[in-house]
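Hi everyone, thanks for coming. Let me put the structure up on the screen, and then we'll walk through a few parts of it together.

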Amino acid sequence: MRKICPALLVIGALTGCAHQQPLVSTGQLTVIQDSAALPPPERPDLTAADRQSLIGPLDTIQIDVFNVPDLSREVQVDAGGQVAMPLIGTIDARGRTARELSQTIESALRGRYVRNPDVTVNIKSSVSQVVTMDGQVTEPGLYPVTNQMTLLRAIASAKGLSEFAKQEEVVILRTVNGRKMAGLYNIDAIRRGAYADPAIYANDIVVVGDSPARRRFRDIVSLAPLLAAPLIAVLN
């Protein structure tokens, strides 16, 4: 009777556990069995509701005052969230939308300096609207939060999950109304359509957990040839 290498048994058990159940329709997902019958998206499906982009420290903005070129300029918000304008001095831009800041500038100019001012503000580049990607992603770091950023898109920005990522243990840390909050997510479940891909906002911190089982699996696979060598010799 032939003996079976224990390492091979462990590898087989680990790979067997990785088997996934077939996709089924749920309240969140409709599974089309015939892939050729998957319908194309409708026009509303190709767009999503815009989120407000807020101005923050060190962002660069363009301020244009119609018919007053001396007041039009590109400026960088300072570290305290302030911008300096001729005639009206410094204005707090932090946490405002471009439209809100343009209205504030118009109010400051109206009457005393410019009759019926027409001000347009555009955010040219933003360094304040970022998400922190940490843990088991390929490239941890700070990444810009785009208008439609989601958890999967944020992970893709960080070049995907690392070899030892624990897909069922991904945490989003967020401050809401001064209170620290955390949400736990399962990346594999999101990919399979079990629930929606959650939105990511500026100042979120995403932490991808570490999988000890994946590390053990790698170690076992690396040792398997050494453990199997004596068995091969016996069988021969």
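**Two threonines and a sheet**

So, Thr97 sits in the loop between E4 and helix H2, which covers 98-109. Keep in mind that what you're looking at is a predicted model.

Is Thr97 buried or exposed? Well, its relative accessibility is 11%, and buried means under 20%, so Thr97 counts as buried. And who does Thr97 touch? If we skip its neighbours within four places in sequence, Thr97 is in contact with Gln52, Ser53, Leu54 and Ile55.

Now hop over to Thr90, which is in strand E4, residues 89-92. Here the relative accessible area is 57%, and the cut-off for exposed is over 50%, so Thr90 is exposed. Thr90 still has contacts, though: leaving out residues up to four places away in sequence, it touches Gln82, Val83 and Ala84.

Okay, on to the sheet. It's an open one with three strands, in the order E2-E1-E5, and the pairing is antiparallel. Which strands stand at the edges? Those are E2, at 73-76, and E5, at 119-125; each has a single partner strand, so one side of each has no neighbour in the sheet. From one strand to the next, the twist averages 25°.

Let's zoom in on one pair. E1, residues 60-65, runs antiparallel to E2, and four bridges link them. For example, Thr60 has Gln76 in E2 as its bridge partner.

Last stop: helix H2 packs on this sheet, where it touches E1 and E5. The direction of H2 makes about 140° with that of E5.

Notes
Residues numbered from 1 in each chain as written. Predicted model: local features only at pLDDT ≥ 70, side-chain atom pairs only at ≥ 80, totals over all residues. Heavy atoms only, no water. Buried < 20%, exposed > 50% of the residue type's maximum accessible area, 1.4 Å probe, protein only. Contact = heavy atoms within 4.5 Å. Pairing = 2+ DSSP bridges. Axes fitted to C-alpha atoms, helices over the stretch in contact; angles between N-to-C directions.
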